[in-house]
Amino acid sequence: MIILDPTENSLVSKVEQLLSPATVVGWQRLEPWAVARAELSGSHGSMIVKWMRPHAPGPDRSESWRLRSEVAALGFLSDDLGVRLAPRVVAADLAAGLVLLEDLAPRVALDGLLRADGAAAHGERLAAFARVRGELNAVTAGRAEAYYARRAALGAVDRVADCAGRFAGFREEGRLQVAALGVEVVGGAERELAVVLEELGDPGPFLALSNGDPEANNVLVRASGAPDARVIDFEFAGFTHALHDAVCLYVPGPGWLSVDWGMGAGYRRALAVGVPEAEDDRRFGFGLAAACFSYALLRLQRLSQVDGRAAGDDSRVQLVATVEAAARVAESFGVLPGLAGWGWRVAEALRRRWPDADVDVAGLPAFVARRR
């Protein structure tokens with residue numbers, strides 16, 4: 001018998017009820033998340049246990065909403081599509097806020113490997129990261145009806161918000177923050193932004209499933225040998241513009257100051273298997289630039305928060321790098337010239353405001369982690 005605190009003892013009891021007659025013989029909490037690895041008796045091996053923490057009534061992205069989205073997305077991939085890109089759901093008691101998932105060990109989170117060893121040591125695993133994101137989008141493109149039928153059976157869901165509305169408030173706040181900086185989205189940039197939002201709200205053939213958080217911490221790989229990558233954490237899953245999932249290959253994500261655009265080619269090849277339109281430079285480039293500018297606005301809503309941090313904080317360099325990378329994507333594909341110019345002006349204003357962030361971001365090695 002394992003001895004835990006009352007909350008975890010209750011979880012162990014629920015796991016054993018779901019898997020009876022198996023018993024839990026080991027329990028490893030995976031902080032800081034509401035996740036644990038449970039070792040089971042007999043031939044059951046280990047499983048990953050996810051649960052809801054108590055929460056007050058709130059918006060539709062409550063923990064209950066997120067747990068249902070994860071169960072729907074993982075069931076859709078394994079049962080409806082028959083693919084092994086993510087863990088299987090072994091058992092679930094949604095009323096109790098509990099889900100048991102296939103344990104993908106010995107795979108580990110890619111971001112931990114990159115932080116420990118540097119990106120140069122894990123080129124093959126970085127390529128697998130890009131490829132598995134493209135594979136996820138490719139295999140799910142055109143299958144939204146099947147997913148939403150499964151998701152609706154678990155509770156109400158707003159598929160329009162999944163695609164276009166999830167970050168609308170953050171983007172608008174980003175516009176306001178930049179306007180306060182003295183660089184408004186006006187003229188040609190404003191007209192292009194309207195077209196960008198149309199593209200993201202109506203992706204056409206690029207409508208595909210995303211786990212909603214396409215970062216290196218949510219892809220598990222083997223630390224040696226073939227990476228055999230899997231995607232995890234589908235709590236914010238939904239059908240949206242596939243190229244949202246490519247942004248992290250061209251624009252620094254929350255944990256990184258620099259990226260390697262070469263990885264984008266691997267993602268694009270994988271995506272084109274299910275979305276042939278990805279082979280069209282103009283079509284792909286426009287969608288990618290649209291997603292990158294949407295992300296840049298999302299990050300810019302933090303401008304006042306970052307402004308209040310001490311000089312030398314990496315988040316300042318990261319914000320500059322994010323806006324410049326979005327502008328560089330647009331220029332490289334010959335699209336959205338108004339927004340590209342606006343992006344460079346925003347970056348210039350930030351460099352003037354923060355002399356400590358006036359560094360050559362383009363000269364950094366790929367996937368330089370920012371200090372936490």
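# Exercises on a predicted model

The lining of the second largest pocket comprises eleven nonpolar residues, one polar residue and two charged residues. The structure is a predicted model, and the exercises below are to be worked with it in view.

## Exercise 1. The second largest pocket

Task: State how much space lies in the second largest pocket, and identify which lining residues lie nearest its centre.

Solution.
Step 1. The volume of the second largest pocket is about 190 Å³.
Step 2. Its lining consists of 14 residues. Those nearest the centre are Ser258, Val259, Arg328, Val361 and Ala362.
Step 3. The composition of this lining is eleven nonpolar, one polar and two charged.

## Exercise 2. Helix α4 and the residue that follows

Task: Compare the span of helix α4 with the expected one, list its buried residues, and describe the phi of Gly142.

Solution.
Step 1. Helix α4 covers residues 123-140, 18 residues in total. From first C-alpha to last it reaches 26 Å, close to the 26 Å expected at 1.5 Å a residue.
Step 2. The buried residues in α4 are Arg125, Leu126, Ala128, Phe129, Ala130, Val132, Arg133, Gly134, Leu136, Asn137, Ala138 and Thr140.
Step 3. Gly142, just after α4, adopts a positive phi of about 80°.

## Exercise 3. The enclosure of helix α9

Task: Explain why helix α9 (residues 263-272) is described as largely enclosed, and name elements that cover its buried residues.

Solution.
Step 1. Residues of α9 that are buried are Met263, Gly264, Gly266, Tyr267, Arg268, Ala270, Leu271 and Ala272.
Step 2. Because eight of the ten residues of α9 are buried, the helix is largely enclosed by the rest of the structure.
Step 3. The cover over these buried residues includes α4, α10 (281-300) and α12 (314-333).

## Exercise 4. Backbone exceptions

Task: Locate the cis peptide bonds that precede Pro21 and Pro106, then characterise Asp233 and Leu336.

Solution.
Step 1. Most residues other than glycine have a negative phi, and most peptide bonds are trans.
Step 2. The bond between Ser20 and Pro21 is cis, with omega about 15°. Pro21 belongs to the loop between α1 (6-19) and β1 (24-29).
Step 3. Ala105 and Pro106 are likewise joined by a cis peptide bond, with omega near 15°. Pro106 is placed in the loop between β5 (98-102) and β6 (108-109).
Step 4. Asp233 is not a glycine, yet its phi is positive, about 65°. Asp233 sits in the loop between β9 (230-231) and β10 (238-241). Its relative accessibility is 24%, so Asp233 counts as partly exposed.
Step 5. Leu336, also a residue other than glycine, has a positive phi near 45°. The loop between α12 and α13 (337-353) holds Leu336. Its relative accessibility is 7%, so Leu336 counts as buried.

## Exercise 5. The nonpolar cores

Task: Determine which members of the largest nonpolar core touch the most other members, and which helix gives the largest share of this core.

Solution.
Step 1. The largest nonpolar core has 103 residues, and Leu209, Phe234, Leu300 and Trp342 touch the most other members.
Step 2. Helix α10 contributes the largest share of this core, 13 residues.
Step 3. Another core lies apart from it, with 17 residues, including Leu11, Val12, Ala22 and Ala91.
Step 4. Beyond its neighbours within four places in sequence, Leu209 contacts residues that include Leu136, Asn137, Thr140 and Phe234.

## Exercise 6. Three buried residues and their contacts

Task: For Gln177, Val49 and Pro227, report the relative accessible area and the surroundings.

Solution.
Step 1. Gln177 is part of helix α7 (residues 168-181). The cut-off for buried is under 20% relative accessible area; Gln177, at 14%, is therefore buried. Neighbours within four places in sequence aside, Gln177 is in contact with Leu300, Gln301, Leu303 and Ser304.
Step 2. Val49 lies in strand β3 (residues 46-51) and is buried, with a relative accessible area of 1%. Not counting residues up to four places away in sequence, Val49 touches Val15, Trp27, Ala34, Val35, Ala36, Ala38, Leu98, Val99 and Leu100. Its C-alpha is separated by 39 Å from that of Asp307, 258 residues apart along the chain.
Step 3. Pro227 is found in the loop between β8 (219-221) and β9 and is buried, with a relative accessible area of 4%. Not counting residues up to four places away in sequence, Pro227 touches Glu124, Arg125, Ala128, Val221 and Arg222.

Methods
Residues are numbered from 1 along each chain as its sequence is written. This is a predicted model: local features need pLDDT of at least 70, side-chain atom pairs count only at pLDDT 80 or more; totals for chains, interfaces and linings use all residues. Side-chain values use heavy atoms; hydrogens and water are left out. Helices (H or I, at least four residues) and strands (E, at least two) are DSSP runs, numbered from the N terminus. The expected span of a helix is 1.5 Å times one less than its number of residues. Buried means under 20% relative accessible area, exposed over 50%, partly exposed in between (1.4 Å probe, protein chains only). On a 1 Å grid over the protein atoms alone, a cavity is a set of points where a 1.4 Å probe fits but cannot get out, and a pocket is an open set with protein on both sides within 12 Å along at least five of seven lines; lining residues have an atom within 4 Å of a point. Grid points are joined across faces, edges and corners, and a volume is the space filled by probe spheres set on the points. Ala, Val, Leu, Ile, Met, Phe, Trp, Tyr, Cys and Pro count as nonpolar, Asp, Glu, Lys and Arg as charged, and the others, Gly among them, as polar. Contact means heavy atoms within 4.5 Å. A nonpolar core is a set of buried Ala, Val, Leu, Ile, Met, Phe, Trp, Tyr and Cys residues joined through side-chain atoms within 4.5 Å.
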